[in-house]
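Work through the following exercises with the coordinates open, and try each task before reading its solution.

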Amino acid sequence: MIELFTAATPNGWKVSIALEEMGLPYTTRFISLGKLEQKEEWFLRINPNGRIPAIIDHDNGDFAVFESGAILVYLAEKTGKLLPAEPKARSRVLQWLMFQMGGVGPMMGQANVFFRYAPEKIPYAIDRYQRESRRLFEVMERQLKDHLYIANDEYSIADIALHSWVAGHEWSGVSVDGLPGLRRWLDLVGSRPAVQKGRAVPPPLSAEERAQTVESAKKMLA
Ligand SMILES: N[C@@H](CCC(=O)N[C@@H](CS)C(=O)NCC(=O)O)C(=O)O
């Protein structure tokens, strides 16, 4: 059984969606970011970076994996699903996965920080990260106008990783106007039952928990 340590955020949803898609049984351990549980000593032994998500594979000698991209690859290799074996097709999936991990995630993450949480509004920083996110969406548009899915016309872990972030474009203040291929793909991936199920893990925060998480984020960033 896989034990998933997660919270209701894009990086967390990547893993719950993948587990749902792959039909792997798992238990969920909700980590309260509001209470900074991710920085506690017991959790740092699972993820030295002190962030969610992480997994422990209890069917593989209690093997722990952190970093959402590495978790997606681990689960794909474990099940033989959503990551092709043929070298070129596999490389294309990994290229788009890295594009998410090194580009879309960090840029949208920083857009959220400066647009939503920073104690002072710094227009240059907000603009910089929103514009860079939009540029990355335009890169995706060029690919998605001729391809059903992002890597190979076949659904993969790269779609899971990218969709988890891009679906939150409104929260980041980044428009998808004028990007018909991206919008089609957002609807296509978003309509998958496993995506909807995975995005509901863990259940949405109460208003109080949400306020506490926002306050903690603001304190960490002050
Ligand atoms: N590169 C990491 C990023 C993980 C990450 O930033 N997680 C956020 C939630 S989406 C988190 O745990 N934030 C709390 C903190 O920074 O302490 C991954 O992809 O797993």
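The exercises below concern a predicted model, and each is followed by a worked solution.

**Exercise 1. The ligand shell**

Task: List the residues around the ligand, and work out how the shell divides into nonpolar, polar and charged residues.

Solution: Begin with the membership of the shell, which consists of Thr9, Asn11, Gln38, Lys39, Gly50, Arg51, Ile52, Pro53, Glu67, Ser68, Met101 and Met220. Next, assign each residue to its class, with Gly counted among the polar residues; the shell then divides into 4 nonpolar, 5 polar and 3 charged residues.

**Exercise 2. Polar atoms at the ligand**

Task: Find how far an oxygen atom of the ligand lies from a polar side-chain atom of Gln38, of Arg51 and of Ser68, and then determine what share of the ligand's area the protein buries.

Solution: Take the side chains in turn. For Gln38, a polar side-chain atom is 2.8 Å from a ligand oxygen; for Arg51, the separation between a side-chain N or O atom and an oxygen of the ligand is 3.0 Å; and for Ser68, the corresponding distance from a polar side-chain atom to a ligand oxygen is 2.6 Å. Turning to area, the ligand taken alone exposes 510 Å², of which the protein buries 83%.

**Exercise 3. A hairpin**

Task: Establish in which sense strands S3 and S4 pair, and identify the bridge partner of Ile55.

Solution: Strand S3 covers residues 54–57 and strand S4 covers residues 63–66, and the two are joined by 4 bridges in the antiparallel sense. Within this pairing, Ile55 has Val65 of S4 as its bridge partner. The hairpin has 5 residues between the strands, and there Gly61 adopts a positive phi near 65°.

**Exercise 4. Helix H1**

Task: Compare the expected span of helix H1 with the distance between its end C-alpha atoms, and decide whether the helix is mostly covered or mostly open.

Solution: Helix H1 runs over residues 10–22, and at 1.5 Å a residue its 13 residues should span 18 Å, which agrees with the 18 Å between its end C-alpha atoms. As for cover, 11 of the 13 residues are buried, among them Trp13, Ile17 and Leu19. Immediately after H1 comes Gly23, with a positive phi near 70°.

**Exercise 5. Lys88**

Task: Classify Lys88 as buried or exposed, and locate it in the secondary structure.

Solution: Lys88 belongs to helix H4, which comprises residues 87–117. Its relative accessible area is 59%, and since exposed means over 50%, Lys88 is exposed. Finally, Lys88 and Glu215 are 127 residues apart in sequence, while their C-alpha atoms are 45 Å apart in space.

Terms used
Residues are numbered from 1 along each chain as its sequence is written. This is a predicted model: local features need pLDDT of at least 70, side-chain atom pairs count only at pLDDT 80 or more; totals for chains, interfaces and linings use all residues. Side-chain values use heavy atoms; hydrogens and water are left out. A residue is near a molecule or strand if one of its heavy atoms lies within 4 Å of it. A polar contact is a pair of N or O atoms within 3.5 Å; within protein, one must be able to donate a hydrogen and the other to accept it, and residues adjacent in sequence count only if both atoms are side-chain atoms. Accessible areas come from the Shrake-Rupley method with a 1.4 Å probe; for residues, only the protein chains shown count as cover. Two strands pair if DSSP finds at least two bridges between them. Buried means under 20% relative accessible area, exposed over 50%, partly exposed in between (1.4 Å probe, protein chains only). The expected span of a helix is 1.5 Å times one less than its number of residues.
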